[in-house]
Amino acid sequence: MASGLKRRDLRPCAACGKGLAKGGPLVYRVTVDRLVLDPRAIQRQAGLEMQIGAALASVMGTNEDLAIPLDTSEIVICGDCLLRPLAALLEDRDQATEPDRAILRDNHG
């Protein structure tokens, strides 16, 4: 089971910037792992699957990572804001990097 929030961990809601209690007694701590796809690993896996089939490739392949971890962020969200899209949360609180913002602009107008 995860640990609770200590006083030093308390901060305003990542979505609205208000106190956590304004959304009721439930708060959510969300850990976001940002990864980048590895095209070479994906190509190797796809090639193996084409040669021997997906079922055999899953047990005979090297089981290498198809995405490489970049970083991890942790945010705390009040109960009222839980349903907002995660990308909007990160954008609203300026936690996304400039390349992330460019991708969001390109893909979502």
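Lys 22 counts as partly exposed in this predicted model, with a relative accessibility of 36%. The side chain of Lys 22 meets that of Asp 80 in a salt bridge, at 3.4 Å from N to O, and this pair links distant parts of the chain, 58 residues apart. A search of the whole structure finds three salt bridges, and the points below take each of them in turn before moving to a nonpolar patch on the surface.

**Salt bridge between Lys 22 and Asp 80**

- Lys 22 lies in the segment before strand E1, which spans 27–37, whereas Asp 80 sits in the loop between strand E2 (67–78) and helix H3 (86–92).
- Asp 80 has a relative accessible area of 51% and is therefore classed as exposed, the cut-off for that class being over 50%, while its partner Lys 22, at 36%, counts as partly exposed.

**Salt bridge between Arg 34 and Asp 71**

- The side chains of Arg 34 and Asp 71 meet in a salt bridge with an N to O distance of 2.9 Å.
- This pair also links distant parts of the chain, with Arg 34 in strand E1 and Asp 71 in strand E2, 37 residues apart.
- Asp 71 counts as partly exposed at 33% relative accessibility, and Arg 34 is likewise partly exposed, at 25%.

**Salt bridge between Arg 44 and Glu 64**

- Arg 44 and Glu 64 bring their side chains together in a salt bridge, for which the distance from N to O is 2.8 Å.
- Arg 44 belongs to helix H1 (residues 39–52), and Glu 64 to the loop between helix H2 (54–60) and strand E2, so that the pair links parts of the chain that are 20 residues apart.
- For Arg 44 the relative accessible area is 45%, which makes this residue partly exposed, and for Glu 64, also partly exposed, the value is 30%.

**Nonpolar surface patch**

- Ile 52, Leu 56, Val 59 and Met 60 make a nonpolar patch of about 400 Å² on the surface.
- Helix H2 gives the most to this patch, contributing three residues, while Ile 52 has its place in helix H1.
- Ile 52 counts as partly exposed, with 34% relative accessibility, and it can therefore be part of a patch as far as accessibility is concerned, because patch residues need over 30% relative accessible area.

Technical notes
Residues numbered from 1 in each chain as written. Predicted model: local features only at pLDDT ≥ 70, side-chain atom pairs only at ≥ 80, totals over all residues. Heavy atoms only, no water. Salt bridge = Lys/Arg side-chain N within 4 Å of Asp/Glu carboxyl O. Helix = DSSP H or I, 4+ residues; strand = E, 2+ residues; numbered from the N terminus. Buried < 20%, exposed > 50% of the residue type's maximum accessible area, 1.4 Å probe, protein only. Patch = residues over 30% accessible without salt bridge, like charges linked within 9 Å, V, L, I, M, F, W, Y side chains within 5 Å. Areas by Shrake-Rupley, 256 points an atom, 1.4 Å probe, with all protein chains shown as cover.
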